[in-house]
Amino acid sequence: MAIQLTESAANQIRKALTKRGSGVGLRLGIKKVGCSGWAYVFDYADEVRPGDATFEAHDAKLVIDAESLATIDGSVLDFRKEGLKEAFKVENPNV
């Protein structure tokens, strides 16, 4: 199982952690929303919990719980700026 981080995503993770002053990486998960949908959830990872998977690239760490990893496996995490909008983007081949 693997998740790839683009250089842009890694840069944003490092910037956010530096600004915050603590944390080991970005935590990515999924949650059920609405009747039949899923949404990605982003948060700071202050620790790696038992059962978490970690992925590192470009000096940044991504932490994902085992339950979410089954759905996110094979994805690429990117950070994009489009006009005034900037956000993490998950390119998930399982969707």
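## The open sheet

In this predicted model, strands β1, β6 and β7 make up an open sheet of three strands, arranged in the order β1-β6-β7 with mixed pairing. The edges belong to β1 (4–5) and β7: each has a single partner strand, so one side of each lacks a neighbour in the sheet.

Let's look at how β1 is attached. It runs parallel to strand β6 (residues 76–82), and two bridges join these strands. Follow Q4 across to β6 and you will find V76 as its bridge partner.

## Aromatic pairs

A ring pair is described by how far apart the centres are and by the angle of the planes. Searching the whole structure turns up two aromatic pairs. In one of them, the ring centres of F42 and F88 are 5.4 Å apart and the planes meet at 20 degrees; an angle under 30 degrees counts as stacked, so this pair is stacked. The contact brings together distant parts of the chain, since F42 lies in strand β3 and F88 in strand β7 (residues 85–91), with their positions 46 residues apart.

F88 also pairs with F79, this time edge-to-face, with 5.1 Å from centre to centre and 70 degrees between the planes. Through these ring pairs, F42, F79 and F88 are linked into a cluster.

## Buried or exposed?

How do the rings of this cluster of F42, F79 and F88 sit relative to the surface? The cut-off for buried is under 20% relative accessible area. F79, at 8%, is therefore buried. F88 has a relative accessible area of 21%, so it counts as partly exposed. F42 is partly exposed as well, because its relative accessible area is 32%.

## F42 and the surface patch

F42 is worth a second look. Its strand, β3, covers residues 37–45. Besides its place in the ring cluster, F42 belongs to a nonpolar surface patch together with Y40 and V95. The three residues of this patch have about 300 Å² of accessible area together. Patch members need over 30% relative accessible area, and F42 is listed at 32%.

## A charge over a ring

Another aromatic side chain to find in the viewer is W38, which has a charged neighbour. The charged end of K32 sits over the ring of W38, at 5.3 Å from the ring centre.

How values were computed:
Residues numbered from 1 in each chain as written. Predicted model: local features only at pLDDT ≥ 70, side-chain atom pairs only at ≥ 80, totals over all residues. Heavy atoms only, no water. Patch = residues over 30% accessible without salt bridge, like charges linked within 9 Å, V, L, I, M, F, W, Y side chains within 5 Å. Areas by Shrake-Rupley, 256 points an atom, 1.4 Å probe, with all protein chains shown as cover. Salt bridge = Lys/Arg side-chain N within 4 Å of Asp/Glu carboxyl O. Helix = DSSP H or I, 4+ residues; strand = E, 2+ residues; numbered from the N terminus. Buried < 20%, exposed > 50% of the residue type's maximum accessible area, 1.4 Å probe, protein only. Phe/Tyr/Trp six-rings, centres within 6.5 Å; stacked < 30°, edge-to-face > 60°. Lys NZ or Arg CZ within 6 Å of the ring centre and 35° of its normal. Pairing = 2+ DSSP bridges.
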